[in-house]
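These are my notebook entries on one structure, kept in the order in which I looked things up.

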Amino acid sequence: MSPIEVNGRRYRPIAAPLVAVCVDGCEYEYLVEAAEAGATPFLAKLLAPGTAFIGDCVVPSFTNPNNLSIVTGVPPSVHGICGNYFYDREAGAEVMMNDPKYLRAGTILAAFSEAGAKVAVVTAKEKLRKLLGHRMRGICFSSEKAAEATLGENGIEDAVALAGMPVPSVYSAELSEFVFAAGVRLMETRRPDLMYLSTTDYIQHKFAPGSAGANAFYAMMDRYLARLDALGAVIALTADHGMNAKTRADGSPNVIYLQDAIDGWIGRERARVILPITDPYVVHHGALGSFATVYLDPAERDPVARKLAAMEGIDLVLDNATACRRFELPRDRMGDLVVVSAKHAVLGTSEARHDLSGLDAPLRSHGGVSEQRVPLLFNRRAGGVEGLRLRNFDLFDIALNRLEGER
Ligand SMILES: [Zn+2]
């Protein structure tokens, strides 16, 4: 096989089975703390110069934009997926962006499958499955809908039997464990050339690095990764985004309700606040994240921007062009203003529109620049990457082009 070019980047042919893992919400500290607690003997060995690096994810630091950047090797300005939701100005409607018709670039997974590689994708939530599997031949299913997997749609029909565990609740650590269990069984039974495993951040939304709940999750992950390593796979691990506490000193959620604030300044129904974190699974974060975009009349833009920038807990207020240049975002899917909150603050629309009753732990969330630092970890030494500004979407470049052969 000759090198494969995808979105202007070249990838060498696969020499050993490659397992790329996106650990949802994996702040680097989770790995360090779990290793120090002795919970992750395999990962602890990788946390060393030459195999462990820190890179930046895409902002907004949300799940879908980053998973799509990882599998395309490019930022959202190229692949088009910049959140779960955007406001379609022409249609005058808020639309979900989990349909492949919104994807503007091909994936590395599809390109390798096209070239004849055996490719498999397992993702925790169904919301990512169609995007990740777009134009890809091979196996592609979610833990969430594993019981409904068919040969025609998913390339596999015995996904639950394969994983060897029942289909878990969508709000559980087991939803991610199912991904790893299926991944190990696929490696044992079908040995894909290229596998992409993507988890969910249910645990990271609830538990801080070093807590018992977090360490137990990483211990589980460690056992499966050690097994993949023993099976001879190259492992390349990164995260879609980090995670921070978003609470006041008393533990209550530290929320800035943007729609309420703007309505108070210019009147109701003059501006529209979009939170691209919004998705059908909001129980664990109440649809609160650190990134918002605002649609409003050109005449109101600068005065509103100045008032927002003066609010405590808001770090950045940028116009569309500046934000899209800085964060490499598609201009037609962002509003007139982009707002990023501080490390321990989140952005809401109107207080009445957020149901926080499902929050059974102090709020932890993501979306901002403060959740941009993510790990890149390999079970082989990587050459020539020290000193570079790494992105999580350099994962396949490093895994396929820069790893040394020996373990
Ligand atoms: Zn995520």
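The entries below go from the metal site to strands, helices, cysteines and aromatic rings.

**Entry 1. The model and the metal site**

I note at the outset that the model is predicted. I began with the zinc ion and asked which residues coordinate it. I found Asp24 (OD), Thr63 (OG1), Asp240 (OD) and His241 (NE2), at 1.9 to 2.3 Å. I then looked up how these donor residues are spaced in sequence, and I recorded the pattern D-x38-T-x176-D-H. Within the site, threonine 63 and histidine 241 are 178 residues apart, and this pair links distant parts of the chain. I placed threonine 63 in helix α3 (residues 63-72) and histidine 241 in the loop between β10 and β11 (244-245). I checked the accessibility of these two residues and entered both as buried.

I next asked why the arrangement around the zinc ion is irregular. The four donor atoms subtend angles of 89 to 136°. A tetrahedral label requires all angles to lie between 85 and 135 degrees, so I entered the arrangement as irregular because of the angles that its donors subtend. For reference, I noted that the ideal angle for four tetrahedral donors is 109.5 degrees.

**Entry 2. Strand β19 and its partners**

I turned to strand β19 (residues 373-378) and asked how many of its residues are buried. Five of the six are, so I described the strand as largely enclosed by the rest of the structure.

I then looked up which strands pair with it. Strand β4 (residues 52-56) runs antiparallel to β19, and five bridges join them. Strand β10 (residues 234-238) is also antiparallel to β19, with three bridges. I wrote down one facing pair for each partner: phenylalanine 53 is opposite leucine 376, and alanine 236 is opposite phenylalanine 378.

**Entry 3. Phenylalanine 53**

I followed phenylalanine 53, which belongs to strand β4. Is this residue buried or exposed? Its relative accessible area is 6%, so I entered it as buried. I listed its contacts, leaving aside neighbours within four places in sequence; among them are Val374, Pro375, Leu376 and Phe378. The list also includes Tyr28, Ala382, Val385, Glu386 and Leu390. As a separate check, I took the C-alpha separation from phenylalanine 53 to glycine 8, which is 45 residues away along the chain, and noted 24 Å.

**Entry 4. Two helices**

I asked how many residues of helix α15 (residues 395-402) are buried. The count is seven of eight, so this helix too is recorded as largely enclosed by the rest of the structure. I wrote out the buried residues as Leu395, Phe396, Asp397, Ile398, Ala399, Leu400 and Asn401.

In helix α9 (residues 174-189) I looked up serine 176. Serine 176 has 1% relative accessibility and therefore counts as buried. Beyond residues up to four places away in sequence, I found that serine 176 touches Thr199, Thr200 and Phe217.

**Entry 5. Cysteines**

I searched for disulfides and the count came to zero. For cysteine 22, the closest cysteine sulfur is that of cysteine 26, at 9.2 Å, which is too far for a bond. I entered cysteine 22 as buried because its relative accessible area is 0%. Cysteine 26, also at 0% relative accessibility, counts as buried.

**Entry 6. Aromatic pairs**

I counted seven aromatic pairs. One that I examined is phenylalanine 86 with tyrosine 102: the ring centres are 5.6 Å apart and the planes stand at 80°, so I classed the pair as edge-to-face. Phenylalanine 86 is in strand β5 (residues 85-88) and tyrosine 102 is in the loop between β6 (93-96) and α5 (108-114), so the pair ties together parts that are 16 residues apart in sequence. I recorded phenylalanine 86 as buried at 5% relative accessible area, and tyrosine 102 as buried at 13%.

I also examined phenylalanine 217 with tyrosine 218, whose ring centres are 5.3 Å apart with planes at 75°, so this pair is edge-to-face. Phenylalanine 217 is buried, with 3% relative accessible area, and tyrosine 218 is buried, with 0%. I closed the entry by noting that Tyr30, Phe217 and Tyr218 form one aromatic cluster. Phe217 had already appeared in my notes as a residue touched by serine 176.

Methods: Residues numbered from 1 in each chain as written. Predicted model: local features only at pLDDT ≥ 70, side-chain atom pairs only at ≥ 80, totals over all residues. Heavy atoms only, no water. Buried < 20%, exposed > 50% of the residue type's maximum accessible area, 1.4 Å probe, protein only. Helix = DSSP H or I, 4+ residues; strand = E, 2+ residues; numbered from the N terminus. Pairing = 2+ DSSP bridges. Contact = heavy atoms within 4.5 Å. Donors = N, O, S within 2.8 Å, 3.2 Å for Na, K, Ca; no water. Tetrahedral: all angles 85-135°; square planar, octahedral: opposite > 155°, others 65-115°. Disulfide = S-S within 2.5 Å. Phe/Tyr/Trp six-rings, centres within 6.5 Å; stacked < 30°, edge-to-face > 60°.
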